[in-house]
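Student: I have a model open and would like to learn how its contacts get their names. Could we go through some together?
Tutor: Happily! Let's bring it up.
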Number of protein chains: 2
Amino acid sequence: MQETIRKFKEILAKLNAYQHALGVMQYDSETAMPRAGAAGYAAAMGALSEEVYKLQTSDAFKGAVRELLSRKAELDEITRREAEVLGEEMARMDCVPVQEFVEYQTELGLASSAWREAKQRSDYALFAPHLQKLLDSTRRFARYYAPDRDPYDVLLDEYEKGMTQAELDRFFGTLRENLMPLVQRVAERADAVDDRFLFGHFPVAQQRRLAGAVMEVMGLDRSRCALGEVEHPFTTNFSKNDVRITTHYHEESLASSLYSVIHEGGHALYELNTDDALIGSPLAGGASMGMHESQSRLYENLIGRSAGFARFLFPKVQALFPAQLAGVTAQDFYRAVNRSAPSLIRIDADELTYPFHILIRYELEKRLVAGDLPLQDLPAEWNRLYKEVLGVAVPDDAHGVLQDSHWSGGSFGYFPSYAIGSAYGAQILESMKKDLDVDALTEAGNLAPITAWLAERIYRFGKVKTPGELLRSACGADFDPQFYVDYLTRKYTALYNL
Amino acid sequence: MQETIRKFKEILAKLNAYQHALGVMQYDSETAMPRAGAAGYAAAMGALSEEVYKLQTSDAFKGAVRELLSRKAELDEITRREAEVLGEEMARMDCVPVQEFVEYQTELGLASSAWREAKQRSDYALFAPHLQKLLDSTRRFARYYAPDRDPYDVLLDEYEKGMTQAELDRFFGTLRENLMPLVQRVAERADAVDDRFLFGHFPVAQQRRLAGAVMEVMGLDRSRCALGEVEHPFTTNFSKNDVRITTHYHEESLASSLYSVIHEGGHALYELNTDDALIGSPLAGGASMGMHESQSRLYENLIGRSAGFARFLFPKVQALFPAQLAGVTAQDFYRAVNRSAPSLIRIDADELTYPFHILIRYELEKRLVAGDLPLQDLPAEWNRLYKEVLGVAVPDDAHGVLQDSHWSGGSFGYFPSYAIGSAYGAQILESMKKDLDVDALTEAGNLAPITAWLAERIYRFGKVKTPGELLRSACGADFDPQFYVDYLTRKYTALYNL
């Protein structure tokens with residue numbers, strides 16, 4: 001048994017080294033690589049990924065995992081969870097015939113290029129045949145894996161362990177029922193909030209200083225967390241001691257980079273505070289997509305866009321941009337960064353309308369996976385739902401069904417985690433308020449106790465606990481969307497004097 | 001045979017992928033990695049390097065190389081040279097018993113840390129025992145490889161194929177005889193050139209613009225060549241289409257970053273113009289250390305610090321720093337960036353005194369490798385030579401024998417390539433002048449024909465030709481240091497009105 005564990009950990013260490021290398025190459029390709037480097041980069045990534053695949057599917061590794069799973073009772077908690085998580089991944093992979101897997105990988109590459117071109121030309125027909133193939137494969141793979149379960153539930157499980165359609169139907173149903181009227185009333189009063197001072201000329205050098213100041217307030221130690229500049233912000237990490245957040249400075253917008261830094265900073269805090277015992281383990285990092293997103297959104301919205309934090313932050317922002325923000329108050333700033341108006345593009349949506357962008361995608365991909373929605377009808381259905389739910393008219397597919405890359409990457413069942421994350425965040429914050437005076441801490445810019453609370457109850461566990469277990473241990477209750485509904489209702493009713 | 005070639009190229013492609021990954025990780029560690037990422041980075045690098053070592057020493061690879069070498073006549077030129085170059089590397093490695101190789105690798109790590117600490121504390125005694133071990137191993141390895149040859153010649157061959165002590169003795173002898181009197185006369189008139197306006201306050205944002213402008217003049221296409229910021233500038237590349245130059249902006253110095261960009265840009269042009277047929281081959285890139293350095297120094301000094309280029313460049317520099325350079329002329333600028341004064345630190349040395357820093361290291365390492373210089377006498381000998389050759393008194397070992405990292409990295413025989421490079425450059429430029437009006441092109445900032453000339457005769461060949469073959473094909477003659485002596489004599493005699 002000791003020998004099996006040793007062999008298992010040895011392969012994990014090697015996999016970790018490859019994934020470290022692949023991660024750095026990916027990061028480099030978005031932050032530093034000159035454009036023409038793409039071909040060499042793809043070739044090197046391909047060769048390294050092949051080694052990862054070989055290791056993951058080697059008899060030595062599979063045998064070790066199987067043996068560990070057969071004698072779980074003898075394992076320490078971390079090794080047991082590693083074996084379980086990897087065993088599940090293995091089972092998902094093993095049930096797909098190699099030939100089909102290879103074809104799917106090839107199709108992913110083609111679909112991704114086709115989507116990019118289709119979006120650029122706003123021509124859905126270029127992408128539809130690829131989407132069909134990806135959908136067919138995805139559905140088939142889900143059936144191979146769990147012939148008796150609903151395929152969409154199988155997919156959800158991959159991104160948010162334990163999440164089901166039944167639960168999401170309830171979740172989105174609650175949002176529709178409770179928040180759609182609010183969205184509509186706010187939309188009618190859109191002009192009640194003026195955010196024009198957030199747009200103008202904000203030199204990048206000053207924005208960089210603001211980003212640095214925000215990182216300091218968030219306790220993002222620069223010796224462990226770097227800030228890079230990219231086209232589309234993201235967070236990545238190669239260990240808990242090497243985390244990279246990124247941002248994009250738009251000279252004409254004050255809030256864009258500011259809130260992207262806070263959002264990515266929330267992701268980073270999760271990684272930075274994983275337990276040391278998980279360094280190099282596949283259990284390091286967030287428990288699920290939804291749980292990770294709960295932390296980025298908790299910091300971005302529930303803390304970062306709160307009235308208290310606005311009072312703390314605004315004087316610092318104003319000191320950096322005195323001319324642009326002359327005559328603006330902290331209250332003006334608070335209202336402006338929370339302005340809500342239904343819009344076309346998910347990634348630009350405000351906190352209140354955001355979950356409805358997800359609701360639309362959820363409804364559609366559920367039907368797509370079930371085979372209830374022919375692909376030729378998808379754009380029209382997309383547009384119909386945007387009109388029905390958000391009241392906006394989609395002018396073309398580039399601003400409609402082609403806006404996101406997720407489906408072109410084969411990710412069906414991923415979107416819900418964005419909305420679930422926001423709802424987790426609201427529930428977690430309510431629980432935190434029983435222990436901490438969150439409002440006072442936020443207004444004082446003293447976020448360390450908040451992060452410490454989260455680290456103790458969520459961050460340190462990595463993937464050792466499932467999202468459901470974490471919620472129960474952090475909140476003493478199962479997932480309950482009502483906290484999210486109440487939070488948004490309270491905030492936006494006050495903000496718009498409804 | 002075809003099967004052997006296929007297998008050989010397959011392993012080369014995999015090695016190339018690993019080296020790409022390792023290169024990107026190395027670059028990232030110097031440009032982006034947060035400090036605490038070092039431990040994870042070292043572990044990942046170690047695991048990947050082990051895979052490289054396994055591949056390079058695999059029976060499959062060795063067997064393929066051996067078979068190719070036994071049937072050279074049947075091979076195309078590139079495959080033949082690949083087999084030769086790799087066969088030689090293999091022979092160097094194979095003759096060292098594995099146990100000794102592993103011990104040496106471990107000692108390299110220890111020596112590097114010891115050197116760092118020794119330099120910081122200016123305490124040579126901390127480093128000396130490690131230097132002794134590295135020297136002993138290096139000498140032993142050279143003997144294993146070529147028992148009948150002088151060990152220092154064997155080492156030289158590794159950095160500059162075909163270079164010998166006999167030739168270097170002639171080279172440095174020529175410099176001593178012809179240039180030392182010039183160095184001394186210039187030193188006596190050091191005050192004749194005023195470079196104080198190069199020091200002051202030069203905001204980084206403006207320096208970045210200058211770096212961009214210089215890259216454009218040099219034809220460094222940003223879609224293939226990126227510019228990064230680091231502590232100590234270097235150039236690296238992962239293919240001819242992904243080249244990274246780096247610089248460090250010192251706000252108090254105008255010339256430091258400017259000439260580092262031109263220097264690294266010269267290295268980059270070499271890589272960018274390697275033949276497409278060598279993409280992914282171990283023959284891509286510079287023919288030798290000396291040949292690579294010839295190109296960085298040709299651009300930095302022979303072109304970049306020429307009077308004509310100063311007339312072209314200075315108005316642009318002045319436009320970026322009008323207050324700092326008020327009243328300065330292009331001629332003042334030309335004189336200032338060429339100011340010569342004997343100094344203690346090699347990497348800060350001017351063009352004229354630079355080769356004498358190398359001469360001192362050459363004399364010392366030749367005696368070290370021959371076993372003629374006991375290590376306890378090394379610092380005193382270093383100081384004696386600095387006094388004798390450059391007329392400067394070394395205050396402590398941090399500014400003396402401990403200043404460079406090379407010996408701590410086991411690199412004996414590397415230093416000469418720096419001086420050889422400058423001399424190659426002078427010879428190559430003289431040859432170019434038969435075909436091109438180099439001075440007129442330089443003064444017009446029209447460097448494209450110069451780069452094209454070099455690409456045609458040197459860059460495109462990568463390592464397909466040896467440095468000696470390149471010189472003969474580019475200049476129609478063997479290496480001749482007289483061009484270098486004449487160039488420096490002409491330039492500095494005029495500059496100091498001697």
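Student: What makes Lys72(A) and Glu84(A) a salt bridge?
Tutor: Keep in mind that this is a predicted model. In it, the closest N and O atoms of Lys72(A) and Glu84(A) are 3.0 Å apart. The rule asks for a side-chain nitrogen of Lys or Arg within 4 Å of a carboxyl oxygen of Asp or Glu, so the pair qualifies.

Student: Why can we say that Lys72(A) and Glu84(A) tie parts together?
Tutor: Lys72(A) lies in the loop between helix H3 (59–70) and helix H4 (77–94) of chain A, while Glu84(A) sits in helix H4 of chain A, so the pair links parts that are 12 residues apart in sequence. Over all chains, a search of the whole structure finds 85 salt bridges.

Student: How do you know that Glu51(A) and Lys14(B) meet in a salt bridge?
Tutor: Try the same reasoning. Their N to O distance is 3.1 Å, and the limit is 4 Å, so the name fits. The rule finds four salt bridges across the interface of chain B and chain A. Polar contacts there come to 11 residue pairs.

Student: Which part of chain B gives the most to the side that touches chain A?
Tutor: That is H1(B), with nine residues. Helix H1 (2–31), helix H2 (38–56), strand S1 (225–229) and strand S3 (242–247) of chain B each supply at least two residues. By class, this side of chain B has 17 nonpolar, five polar and nine charged residues.

Student: How much area is buried between chain B and chain A?
Tutor: About 2,300 Å², with carbon and sulfur atoms giving 64% of it. The contact takes 31 residues from chain B and 31 residues from chain A.

Student: What makes the crossing of H8(B) and H16(B) left-handed?
Tutor: Their axes come within 12 Å and cross at roughly 65°. The name asks for the near helix to be turned anticlockwise from the far one by less than a right angle, so the crossing of H8(B) and H16(B) is called left-handed.

Student: Which residues make that contact?
Tutor: From H8(B) come Leu168(B), Phe171(B) and Phe172(B), and from H16(B) come Pro416(B), Ala419(B), Ile420(B) and Ala423(B). They divide into seven nonpolar, no polar and no charged.

Key:
Residues are numbered from 1 along each chain as its sequence is written. Chains are lettered from A and ligands numbered from 1 in the order in which they are written. This is a predicted model: local features need pLDDT of at least 70, side-chain atom pairs count only at pLDDT 80 or more; totals for chains, interfaces and linings use all residues. Side-chain values use heavy atoms; hydrogens and water are left out. Contact means heavy atoms within 4.5 Å. Buried area is the accessible area (1.4 Å probe) that two parts lose on being put together, summed over both. A polar contact is a pair of N or O atoms within 3.5 Å; within protein, one must be able to donate a hydrogen and the other to accept it, and residues adjacent in sequence count only if both atoms are side-chain atoms. Helices (H or I, at least four residues) and strands (E, at least two) are DSSP runs, numbered from the N terminus. Ala, Val, Leu, Ile, Met, Phe, Trp, Tyr, Cys and Pro count as nonpolar, Asp, Glu, Lys and Arg as charged, and the others, Gly among them, as polar. Axes are lines fitted to C-alpha atoms, for helices over the stretch in contact, and angles run from 0 to 180 degrees between N-to-C directions.
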